[in-house]
Amino acid sequence: MQRMHGWIGRKDRFPVGMDAVVHRSDGGTVSVRLTDFSEEGCRMEGDELFQIGERVRIDVPKLGLVNAQVRWALAGSAGTRFFNETED
């Protein structure tokens with residue numbers, strides 16, 4: 001795929017369809033559906049509205065809790081990037 005000038009690349013994401021639970025910083029939990037996934041991030045879909053920059057922990061089936069930051073958010077979906085606890 002050819003990228004536009006100025007495009008920031010990312011790893012290819014692969015389509016999935018799995019239910020997951022998001023743990024928010026306020027202690028609340030939200031059920032979401034993961035619709036694509038890579039080693040660097042994922043897309044979540046659901047009824048909850050997420051804030052860009054929000055840090056969450058996603059309980060991914062067969063993988064466990066993964067730290068993530070919301071990079072984009074629309075009504076009904078959000079994209080995250082995974083990070084290690086040592087990252088700021």
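A cavity is taken here as a set of grid points where a 1.4 Å probe fits but cannot get out, and its lining residues are those with an atom within 4 Å of a point. In the predicted model, the lining of the largest cavity consists of Val32, Met44, Glu45, Gly46, Asp47, Glu48, Phe50, Gly76, Ser77 and Ala78. The count comes to 1 cavity of 30 Å³ or more, and the space in the largest cavity is about 30 Å³. By class, its lining comprises 4 nonpolar, 3 polar and 3 charged residues. Two strands, E3 (41-45) and E6 (77-82), each contribute at least two residues to this lining.

The cavity is set in a chain without helices: the protein chain has 0 helices and 6 strands. The order of elements from the N terminus is β-β-β-β-β-β. Of the 88 residues in the protein chain, 32% are buried. The exposed surface of the protein chain is about 6,200 Å², with 49% supplied by carbon and sulfur atoms. Among contacts with a separation of 6 or more, 40% join residues 24 or more positions apart.

In soluble globular proteins, nonpolar side chains tend to be buried together. The largest nonpolar core of the model contains 17 residues, and those with the most contacts inside it are Val22, Val32, Leu34, Met44, Phe50 and Ile58. Two or more residues of this core come from each of strands E1 (14-24), E2 (29-37), E3, E4 (55-60), E5 (64-74) and E6. The most is given by E2, with 4 residues.

Val32, Met44 and Phe50 are listed both in the lining of the largest cavity and among the core residues with the most contacts. With residues up to four places away in sequence not counted, Val32 touches Met18, Asp19, Ala20, Val22, Met44, Glu45 and Phe50. Of these contacts of Val32, Met44, Glu45 and Phe50 also line the cavity.

Arg24 lies in strand E1. Arg24 has a relative accessible area of 16% and is therefore classed as buried, the cut-off being under 20%. Apart from neighbours within four places in sequence, the residues in contact with Arg24 are Val30, Glu48, Leu49, Phe50 and Glu54. Of these contacts of Arg24, Glu48 and Phe50 belong to the cavity lining. Phe50 is thus listed among the contacts of Val32 and among those of Arg24.

Note on methods. Residues numbered from 1 in each chain as written. Predicted model: local features only at pLDDT ≥ 70, side-chain atom pairs only at ≥ 80, totals over all residues. Heavy atoms only, no water. 1 Å grid on protein atoms, 1.4 Å probe; cavity = no way out; pocket = protein on both sides within 12 Å on 5 of 7 lines; lining within 4 Å. Points joined across faces, edges and corners; volume = space filled by probe spheres on them. Nonpolar A, V, L, I, M, F, W, Y, C, P; charged D, E, K, R; others polar. Core = buried A, V, L, I, M, F, W, Y, C linked by side-chain atoms within 4.5 Å. Buried < 20%, exposed > 50% of the residue type's maximum accessible area, 1.4 Å probe, protein only. Contact = heavy atoms within 4.5 Å. Areas by Shrake-Rupley, 256 points an atom, 1.4 Å probe, with all protein chains shown as cover.
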